[in-house]
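I opened a notebook page for a structure that was new to me, and I set down below what I looked up, entry by entry.

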Amino acid sequence: INLGCGTVTVNYDGKHKYRCTVEDDCFIGCNTNLVSPVVVGEGAYTAAGSTVTEDAPADSLVIARARQTNKPGWAARFRASWSKDKK
């Protein structure tokens, strides 16, 4: 298998630890989160930046990320709220 840089197996819910299984010949894209318990089937690929929360069938491509959304002006409004908090 190939685990891309930044791959994380998210296996602890604060009380219990769970297993994540990555089968033979898989390619796990960079910055993928594998939220246990999941199985990535033999030969499957994950797209970079995916958060995988369900089993991935063998020989499949898993793309698990939302489309980018831009919020114009959000950062300026957020920073402006800091000065209001000081009052």
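Which residues make up the largest nonpolar core? I kept in mind that this is a predicted model, and I found that the largest nonpolar core has nine residues, namely C26, I28, L34, V38, V40, A44, V52, A56 and V62. I noted beside this that nonpolar side chains tend to be buried together in soluble globular proteins.

I then took one of the core residues, C26, and looked up its contacts, leaving aside neighbours within four places in sequence: C26 is in contact with I1, N2, V40, G41, E42, G43 and A44.

My next entry concerns the open sheet of three strands, whose order I wrote down as 2-5-8, with parallel pairing. Strand 2 (8–10) and strand 8 (51–52) each have a single partner strand and stand at the edges, so one side of each is left without a neighbour in the sheet. I followed the pairing of strand 5, residues 33–35, with strand 8, which is parallel and runs over two bridges, and I saw that N33 has T51 in strand 8 as its bridge partner.

Is S50 buried or exposed? I located S50 in the loop between strand 7 (45–46) and strand 8, and I found that S50 has a relative accessible area of 0%, so I entered it as buried. A polar atom of the S50 side chain lies 2.8 Å from the backbone oxygen of A47. Not counting residues up to four places away in sequence, S50 touches N31, T32, N33, V62, I63 and A64; among these, N33 is the bridge partner of T51, and V62 belongs to the largest nonpolar core.

Notes
Residues numbered from 1 in each chain as written. Predicted model: local features only at pLDDT ≥ 70, side-chain atom pairs only at ≥ 80, totals over all residues. Heavy atoms only, no water. Pairing = 2+ DSSP bridges. Helix = DSSP H or I, 4+ residues; strand = E, 2+ residues; numbered from the N terminus. Core = buried A, V, L, I, M, F, W, Y, C linked by side-chain atoms within 4.5 Å. Buried < 20%, exposed > 50% of the residue type's maximum accessible area, 1.4 Å probe, protein only. Contact = heavy atoms within 4.5 Å. Polar contact = N/O pair within 3.5 Å; in protein donor to acceptor, adjacent residues only side chain to side chain.
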